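Welcome! Take a moment to turn the structure around on your screen before reading on. The report below walks through it piece by piece.

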Amino acid sequence: MKISTILQRKGDSVVTIHPDATVLEAMRLLMKHRIGGVVVVRGAAPVGILTERDVLRVGAEDPSHLTTEVVEAVMTHELITASPDDDIDHVMHVMTEHRIRHLPIVVNGALTGIVSIGDVVNTVRLEAQNENQQLRAYIQGAR
């Protein structure tokens, strides 16, 4: 199965933020949308990602920095991305190998979606359920 299938199911909407926003603004965005990571963009180009862990790190060091520190200073700059044509097994490997929970989907340098580890796990679970049902129906029909 391709990542494009997951995006078709969940949509291609991605919550983004500008690198000059404060960490507090990003934290409020995460809470408003009930998400664990926000893609940092300049124009349409993704330049990083800020996650709950990044916000917690800033807040734990000094809570007053939440209002003064900008996203660009604390975001992950080495953005790992995938393509809609990537296979779900490849994406699982990438997310596991790099220990990441959010994977922006990019086409020709432009952000086109995002998948979370939850999206991937749920897709694999649904595929297994479907295969299990088909096998049971086949076995019951063969009796």
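## A walk through the strands and a helix

Let us begin with one pair of residues: Val40 has Gly48 in β3 as its bridge partner. Please keep in mind that everything here comes from a predicted model.

That bridge belongs to a longer ladder, since β2 and β3 are joined by six bridges and run antiparallel. On the β1 side, β2 pairs in the parallel sense, over two bridges. There, Thr16 finds its bridge partner in Val39 of β2. Put together, the strands form an open sheet of three, in the order β1-β2-β3, and the pairing is mixed. The edge places go to β1 and β3, each with a single partner strand, so one side of each has no neighbour in the sheet. Is β2 mostly covered or mostly open? It is mostly covered, with five of its six residues buried.

A second pairing can be found further along the chain. Strand β4 (residues 102–107) and β5 are antiparallel and joined by six bridges. Within this pair, Ile105 has Gly113 of β5 as its bridge partner. The two strands make a hairpin with two residues between them, and Asn108 has a positive phi near 50° there. Strand β5 (residues 110–116) is mostly covered too, as five of its seven residues are buried.

Here are the three strand pairings side by side:

| Strands | Sense | Bridges |
|---|---|---|
| β1 and β2 | parallel | two bridges |
| β2 and β3 | antiparallel | six bridges |
| β4 and β5 | antiparallel | six bridges |

Now look at helix α2, which spans residues 23–33. Which of its residues are buried? They are Val23, Leu24, Ala26, Leu29 and Leu30. The cover over these buried residues includes strands β1 (16–17), β2 (37–42) and β3 (45–51). Helices α3 (52–61), α4 (65–68) and α5 (71–74) also belong to that cover. After α2 comes Arg34, which has a positive phi near 55°.

One residue of β3 links several of these parts: Thr51 lies in that strand. Why does Thr51 count as buried? Its relative accessibility is 15%, and buried means under 20%. Apart from neighbours within four places in sequence, Thr51 is in contact with Leu30, Gly36, Gly37 and His102. Of these contacts, Leu30 is one of the buried residues of α2, and His102 falls in the residue range of β4.

Finally, step back to the whole protein chain. How many helices and strands does it have? There are seven helices and five strands, and from the N terminus they run α-β-α-β-β-α-α-α-α-β-β-α. The radius of gyration is 18 Å, well over the 15 Å that the globule rule gives for 143 residues, so the chain is more spread out than a compact globule. Its C-alpha atoms fill a box of roughly 70 × 35 × 25 Å along the principal axes.

Of the 143 residues, 36% are buried. Among contacts with a separation of 6 or more, 56% come from residues 24 or more positions apart. The chain exposes about 8,700 Å², and 52% of that is supplied by carbon and sulfur atoms. As for charge, the chain has 14 positive and 18 negative charges, and the mean positions of the two groups are 10 Å apart.

Technical notes: Residues are numbered from 1 along each chain as its sequence is written. This is a predicted model: local features need pLDDT of at least 70, side-chain atom pairs count only at pLDDT 80 or more; totals for chains, interfaces and linings use all residues. Side-chain values use heavy atoms; hydrogens and water are left out. Buried means under 20% relative accessible area, exposed over 50%, partly exposed in between (1.4 Å probe, protein chains only). Helices (H or I, at least four residues) and strands (E, at least two) are DSSP runs, numbered from the N terminus. Contact means heavy atoms within 4.5 Å. The radius of gyration is taken over C-alpha atoms; the globule rule is 2.2 Å times the number of residues to the power 0.38. Accessible areas come from the Shrake-Rupley method with a 1.4 Å probe; for residues, only the protein chains shown count as cover. Lys and Arg count as positive and Asp and Glu as negative; His and the chain ends are not counted. The place of a charge is taken as NZ of Lys, CZ of Arg, CG of Asp or CD of Glu. Two strands pair if DSSP finds at least two bridges between them.
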